[in-house]
Amino acid sequence: MPRSTLTSLADDLASRGYAVASVDRSYESVGTDFPGGRLLACAACEQVGTRPEKAAVVRGRAKDMSFVIDELTSRQGTWLSRVVDPRRIGIAGHSIGGAAAVATMAIDDRVRAGVDLDGDFYACPAGAGLGRRLFMMLGAESTHSPQSVGTDWPDAWSHLNGWKRWLTATGAEPFSFTDLPYLAGQLGLSDPAVPLSGERGWNITRDYVAAFFDLHLRGIPQPLLDGPTTSHPEIAFRQP
């Protein structure tokens, strides 16, 4: 998916004072637009299907993200290097982007905290290499609860040794954590098979991701992450 599908999340974090960089992967997203009108299509979309192939994509993306961090923190880099605090770097991604988030942390200890939004890890062993750094998994109950078939989240949970949370949302589907269901709803195209509305999916994503980063990058207490709440009844706190 293109980076634009997480625009609302990026916008919300920026409104809270975070410097946010969203990344498109050339030849791996639906379309990557370059200056001058050059548009690269998704060459990988029809070629990557098996878990080993996806694991290879994740490893490549982790290297890309480490390069992005180099550029954003280098004294010779962009103007953002003057406002980015290299001691407080977080990373989040959706689907295979969530897998790339944990893979980036495994190879780059500058990343202090990470979030996976409804993505399997693909790497083996899943979730390994973070030491005691901080990680949160937020996914659909139907695909990423402990009893879900095929997910590697239980394996990842066993390898995460720092502060961690495994959260699932009742009534969600994989795209509930992106802008797509909300935008579809505005066009009258809501999916009746998905009980969670696009707006509610957005509210959940915003609230939990912001709480996670505020707690671990700013040290602001977040009761939302302590356990189930009446304000977010869809969210269950899980462990194998």
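So, helix α7, residues 198-218: in this predicted model it lies across β3, β4, β5, β6 and β7. Against β4, which is 111-117, α7 runs at about 165 degrees.

Now the sheet under discussion. It's an open one with five strands, and the order reads β3-β4-β5-β6-β7, with mixed pairing. Which strands stand at the edges? Those are β3, residues 89-94, and β7, residues 235-237; each has a single partner strand, so one side of each has no neighbour in the sheet. As for twist, neighbouring strands here are turned by 20 degrees against each other on average, ignoring direction.

Quick reminder: strands in a sheet pair through backbone hydrogen bonds, and they can do that parallel or antiparallel. For β5, residues 134-140, and β6, residues 164-169, the sense is parallel, over six bridges. If you want a spot to click on, take Met137, which stands opposite Trp166 in β6.

Okay, on to the loops and some backbone oddities. Most residues other than glycine have a negative phi, and most peptide bonds are trans. Here are the exceptions I'd like you to look at.

Start with Ser95, in the loop between β3 and α3, the helix at 96-107. Ser95 isn't a glycine, yet its phi is positive, about 60 degrees. Its relative accessibility is 33%, so we call Ser95 partly exposed.

Then Asp118, in the loop between β4 and β5. Again not a glycine, again a positive phi, near 60 degrees. Buried or exposed? Asp118 is buried, because its relative accessible area is 6%, and the cut-off for buried is under 20%.

Pro125 also has its place in the loop between β4 and β5. The peptide bond to look at runs from Cys124 to Pro125: that one is cis, with omega near 0 degrees.

Over to the surface. There's a nonpolar patch formed by Met1, Val30, Phe175, Leu180, Tyr182 and Leu183, and together they have about 530 Å² of accessible area. Leu180 from that patch lies in helix α6, residues 180-186. With a relative accessible area of 32%, Leu180 is partly exposed.

Last stop, towards the start of the chain. Ser22 is in the loop between α1, at 7-15, and β1, at 31-33. What separates the C-alpha atoms of Ser22 and Arg3? The separation is 6.0 Å, although the two residues are 19 apart along the chain. And Ser22 counts as partly exposed, because its relative accessibility is 39%.

Terms used:
Residues are numbered from 1 along each chain as its sequence is written. This is a predicted model: local features need pLDDT of at least 70, side-chain atom pairs count only at pLDDT 80 or more; totals for chains, interfaces and linings use all residues. Side-chain values use heavy atoms; hydrogens and water are left out. Helices (H or I, at least four residues) and strands (E, at least two) are DSSP runs, numbered from the N terminus. Buried means under 20% relative accessible area, exposed over 50%, partly exposed in between (1.4 Å probe, protein chains only). Two strands pair if DSSP finds at least two bridges between them. Axes are lines fitted to C-alpha atoms, for helices over the stretch in contact, and angles run from 0 to 180 degrees between N-to-C directions. Contact means heavy atoms within 4.5 Å. Patches are made of residues with over 30% relative accessible area and no salt bridge: like charges are joined within 9 Å, nonpolar side chains (Val, Leu, Ile, Met, Phe, Trp, Tyr) within 5 Å. Accessible areas come from the Shrake-Rupley method with a 1.4 Å probe; for residues, only the protein chains shown count as cover. A salt bridge is a side-chain nitrogen of Lys or Arg within 4 Å of a carboxyl oxygen of Asp or Glu.
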